[in-house]
Amino acid sequence: MGDSLRSSTSLFGAFLSSLFMILCLYPEPVLGITRHYKFDVMLQNVTRLCHTRSIVSVNGQFPGPRIVAREGDRLLIRVVNHVPNNISIHWHGIRQIRSGWADGPAYVTQCPIQTGQSYVYNFTIVGQRGTLFWHAHISWLRATVYGPITVLPKLGVAYPFAKPDKEVPIIFGEWFNTDPEAIISQALKTGGGPNVSNAYTINGLPGPLYNCSAKDTFKLKVKTGKIYLLRLINAALNDELFFSIANHTLTVVEADAVYVKPFETETILIAPGQTTNVLLKTKQRYPNATFFMSARPYVTGLGTFDNSTVAGILEYELPPNSLHSSISNKKLSLFKPVLPALNDTSFATNFASKLHSLASSEFPANVPQKVDKQFFFTIGLGTSPCRQNQTCQGPNGTMFAASVNNVSFAMPTTALLQAHFSGQSKGVYNSDFPSDPIIPFNYTGPPPNNTMVSNGTKLVVLPFNTSVELIMQDTSILGAESHPLHLHGFNFFVVGQGFGNFDPNKDPKKFNLVDPVERNTVGVPSGGWVAIRFLADNPGVWFMHCHLEVHTSWGLKMAWIVLDGNLPNQKLLPPPEDLPKC
């Protein structure tokens, strides 16, 4: 009896030690639940600015439905295509660890979902919490196909800031009176710049500063003495935006679903692809006023842009038994915020410099301290020759183009991830993307005479767990411009930025390797550079592109292949059976 008890005790001890080993190997056990969503992609008539048009929507909603989950949850989202267009959906900022098949960019991780077909996006949210969003990732369909993602902390885990009384998603967009697909199709034919949007929107509504739109105004009704968490998302196609609420201060607490050291500001700058969580503390007493919440563009390029302002209204609820109850809202004063000048790059620089990771024991900043591979990418515009027997509307009769290291990315006709996984890359892509500019020049000085780009489907291959440092350098070719670059599959640390040409001898000495901001989309400064670091610990094919959609259309994009690691949990999972075919 004693022997059997001893052996069962030692067996139990062995079980406990193996369990402990497993828990050490997997520090974040997935204890979440599975959440099911169904996205019916359908045409829907929508009227804005007195223009009615048939838009591509999800479930007939504009913006689309909100996805809510907790860190550790698994999501199964069935997307059914009922429209003539091919469709694919990207879950912007979700790391997709080993689940690259669910990332969504068409012809990168999947063939698009064709008319009448469906696909289940199946992924788990690992080690992330905060505000993200989903959007179409083919052509310009994301103009109307987008919606918020709220990832709550695990049950019982608090925010590292004051608990808000209410949370409100605020998603910025752009409205076009004509079909955005026709706009980009026309621009790619003529080689010229595409027509700009007719309005900016807050939660799909343009607001009172636009023609015929007073009834289409987003109103945020608040109570006195409360804290509101505003989950801000820039889903606009082509514009970085300044945002401010008149007579109120905002406290920034998160960027791209990563907590930051809180700081107060009157105005935030948010680029397409970026999210920012802010705390809004309402006034202690009823203010006898309403307040505009306004956004307008930050513009650095030479092209045309939508020079308009979207406004929502912040309204205070009257306190109960109030003496003010006889006052109608029409008699209240209306305050409007003062936004920075359209080209206020010093504000942009100053705002970016205030963003720092929490770098606490609970939320560390795991910045790669050593670098295995360094890359230097030029980011900017260029030209392509006009096709024979055609007149083009780009610079000097050419066609507008855009490139990374002078390679304008040619989209394949089959998915890169499938070609990589099956080992059939021949004729689909090459692995010779240049790690530095082939011909160095004075990147931010007078532009070179030859502005022509090369074209190709070229990728960078990284061994698993490579520590990467990437310098992205804006160029002055066809005008210096801020470019919000988005990397799929990873967050990265923004370790440095500056103006002019990057100096490899002096600039790295100033890098912040202690508490740099961690994000998935960063603005390459107009006429400057930004340095990022990331650990390539996620096997798959990962798209990187400018989140100004016009630049992506012109070729400002590339992709990274991260090879499998040696361990089973370091390998890309096989493709799902319902993966769409091209």
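Here is a walk through a predicted model, starting with a sheet and ending with a few unusual spots in the backbone.

Let's begin with the sheet. Four strands build an open sheet, and if you go across it you meet them in the order E3-E8-E7-E5, with mixed pairing. Look at the two ends of that order: strand E3 (67-70) and strand E5 (89-92) are the edge strands, and each has a single partner, so one side of each has no neighbour in the sheet. The sheet isn't flat either, since the twist averages 20° from one strand to the next.

Now zoom in on the middle of the sheet order. Strand E7 covers residues 130-136 and strand E8 covers residues 146-152, and the two pair in the antiparallel sense over 6 bridges. If you want one spot to look for, try Trp134, whose bridge partner in E8 is Gly147.

Next come the charged side chains. How many salt bridges does the structure hold? There are 13, and three of them make a nice tour.

Take Asp73 and Arg35 to start with. They form a salt bridge in which the closest N and O atoms are 2.5 Å apart. Asp73 sits in the loop between E3 and strand E4 (74-81), while Arg35 belongs to strand E1 (residues 34-48), so this pair links distant parts of the chain, 38 residues apart. Are the two partners buried or exposed? Asp73 counts as buried because its relative accessibility is 3%, under the 20% cut-off. Arg35, with a relative accessible area of 23%, is partly exposed.

The salt bridge between Arg129 and Glu71 has its closest N and O atoms 3.1 Å apart. Arg129 lies in the loop between strand E6 (118-124) and E7, and Glu71 lies in the loop between E3 and E4, so this pair ties together parts that are 58 residues apart in sequence. Both Arg129 and Glu71 are buried.

Then there's Lys38 with Asp40, where the closest N and O atoms are 3.6 Å apart. Lys38 is partly exposed, with a relative accessible area of 43%. Asp40 has a relative accessible area of 19%, so it falls under the 20% cut-off and counts as buried.

Let's move on to the empty spaces. Rolling a probe the size of a water molecule over the atoms shows where empty space is left. The largest pocket has a volume of about 1,800 Å³. Its lining is made of 50 residues, and the ones nearest its centre are Arg95, Ile97, Val126, Gly127 and Asp537. Which elements give two or more residues to this lining? They are E6, strand E15 (258-265), strand E28 (492-499) and strand E31 (528-536). The largest share comes from E6, with 5 residues. As for chemistry, the lining of the largest pocket divides into 31 nonpolar, 10 polar and 9 charged residues.

The second largest pocket holds about 690 Å³ of space. It is lined by 31 residues, with Leu188, Thr552, Ser553, Trp554 and Lys557 nearest its centre. Here the elements giving two or more residues are helix H2 (180-190), strand E22 (399-404), strand E23 (407-409) and helix H5 (549-553). H2 gives the most to this lining, namely 5 residues. The residues lining the second largest pocket split into 17 nonpolar, 10 polar and 4 charged.

Finally, let's look at the backbone itself. Most residues other than glycine have a negative phi, and most peptide bonds are trans. With that in mind, find Phe62 and Pro63: the peptide bond joining them is cis, with omega about -10°. Pro63 is in the loop between strand E2 (51-58) and E3.

Which way does phi go at Cys50, positive or negative? Cys50 has a positive phi of about 65°, although it is not a glycine. You'll find Cys50 in the loop between E1 and E2, and it is exposed, with a relative accessible area of 53%. Asn288 also isn't a glycine, and it has a positive phi of about 55°. Asn288 lies in the loop between strand E17 (275-281) and strand E18 (289-298). Its relative accessibility is 32%, which means that Asn288 counts as partly exposed.

How values were computed: Residues are numbered from 1 along each chain as its sequence is written. This is a predicted model: local features need pLDDT of at least 70, side-chain atom pairs count only at pLDDT 80 or more; totals for chains, interfaces and linings use all residues. Side-chain values use heavy atoms; hydrogens and water are left out. Two strands pair if DSSP finds at least two bridges between them. Axes are lines fitted to C-alpha atoms, for helices over the stretch in contact, and angles run from 0 to 180 degrees between N-to-C directions. A salt bridge is a side-chain nitrogen of Lys or Arg within 4 Å of a carboxyl oxygen of Asp or Glu. Buried means under 20% relative accessible area, exposed over 50%, partly exposed in between (1.4 Å probe, protein chains only). On a 1 Å grid over the protein atoms alone, a cavity is a set of points where a 1.4 Å probe fits but cannot get out, and a pocket is an open set with protein on both sides within 12 Å along at least five of seven lines; lining residues have an atom within 4 Å of a point. Grid points are joined across faces, edges and corners, and a volume is the space filled by probe spheres set on the points. Ala, Val, Leu, Ile, Met, Phe, Trp, Tyr, Cys and Pro count as nonpolar, Asp, Glu, Lys and Arg as charged, and the others, Gly among them, as polar.
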